[in-house]
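Work through the exercises below with the sequence and the model at hand. Each task is followed by its solution in steps.

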Amino acid sequence: MIELILLDRDGVLNADSADYIKSPEEWHPLTGAGPAVAAMHQDQRRVAICTNQSGIGRGMFDEPTLAAIHAKLATYLSKYQTQVEQIYWCPHHPDAGCLCRKPAPGLLQQAMADFKVEPSQTAFVGDSLRDLQAAVAAQCKPVLVLTGNGLATVEKLGEPEHAEIARQVQIVADIGEAASWLLNA
Ligand SMILES: [Mg+2]
Ligand SMILES: [Zn+2]
């Protein structure tokens, strides 16, 4: 059974933007996100977010602004009497060579260590190829939503070099369907 559900943020819980989410005003939840997180918690699963936020490393916004964005996320989830338990983010520029920016598995491994959950009991829900790569690198179950970058990611999965990810991935419409699938997996 999947005990720890890790979620990418942009394109999974909220609408993504090519211009980055740089302020609370730019953060807009996707339909069904709150009920999906609530359903996961009601079924006794642990829920956390693992998100790349290179806009910080690029100098587009700062850590207090990210905290304000996550306060808006928390306010939204509280309407459904739920929360995510932890948010892990990589603030680094892609050129920084850090170990936490997905497709590296660092954020996922940190989460599993903190929650004391094995990879075999962990799933990672994302919309981009790098999410799925991080999940496979961390030996978690990769789940792809078709919101955000999801449709473009499906096309990439047809390429021969991504055959192993394509073999492992569970594809679902959105976070609501991800919750339904995970709670029955
Ligand atoms: Mg995303
Ligand atoms: Zn990083």
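**Exercise 1. Describe how strands E1 and E2 pair, and state how E2 is covered.**

Solution. Strand E1 (residues 4–7) pairs with strand E2 (residues 46–52) in the parallel sense, over 4 bridges; a pair of strands requires at least two DSSP bridges. Strands are DSSP runs of E with at least two residues, helices are runs of H or I with at least four, and both are numbered from the N terminus.
Next, take the bridge partners in E2: Leu4 is matched with Arg46, and Leu6 with Ala48.
Then check burial. A residue is buried if 20 or more other C-beta atoms lie within 10 Å of its own, exposed if 12 or fewer do, and partly exposed in between, with C-beta atoms placed from the backbone. In E2, 7 of 7 residues are buried. One side holds Arg46, Ala48, Cys50 and Asn52, the other Val47, Ile49 and Thr51, and both faces are covered.

The model is predicted: local features need pLDDT of at least 70 and side-chain atom pairs 80 or more, while totals for chains, interfaces and linings use all residues. Residues are numbered from 1 along each chain as its sequence is written, with chains lettered from A and ligands numbered from 1 in the order in which they are written.

**Exercise 2. Place the pair in its sheet and in the chain.**

Solution. The chain has 8 helices and 6 strands, and its elements run β-α-β-α-α-β-α-β-α-β-α-α-β-α from the N terminus on.
The 6 strands form an open sheet with parallel pairing, in the order E3-E2-E1-E4-E5-E6. Strand E3 (86–90) and strand E6 (170–172) each have a single partner strand, so one side of each has no neighbour in the sheet. Neighbouring strands are turned by 25 degrees on average, direction ignored (axes are lines fitted to C-alpha atoms; angles run from 0 to 180 degrees between N-to-C directions).

**Exercise 3. Which residues have the most contacts inside the largest nonpolar core, and where does this core lie?**

Solution. A nonpolar core is a set of buried Ala, Val, Leu, Ile, Met, Phe, Trp, Tyr and Cys residues joined through C-beta atoms within 7 Å. The largest one has 50 residues, and Ile5, Leu6, Leu108, Phe124, Val125 and Ile175 have the most contacts inside it. Helix H5 (residues 129–137) gives the largest share, 5 residues. Domain 1 (13–118) and domain 2 (144–185) both contribute, so the core lies between them; these bounds come from an automatic or database domain assignment.
Now look at Leu6. Leaving out residues up to four places away in sequence, Leu6 touches Ala48, Cys50, Leu108, Ala111, Thr122, Ala123 and Phe124, where contact means C-beta atoms, placed from the backbone, within 7 Å.
For the domains themselves, the centres over C-alpha atoms are 19 Å apart. Their contact takes 10 residues from domain 1 and 9 residues from domain 2.

**Exercise 4. Is Leu30 buried or exposed?**

Solution. First locate Leu30: it sits in the loop between E1 and helix H1 (33–42). Leu30 has 20 C-beta neighbours inside 10 Å and therefore counts as buried. Beyond four places in sequence, Leu30 touches Leu13, Asn14, Ala15, Thr147, Asp174 and Ile175. Asp10 lies 20 residues from Leu30 along the chain, with 9.5 Å between their C-alpha atoms.

Key. Two residues are in contact if their C-beta atoms, placed from the backbone, lie within 7 Å.
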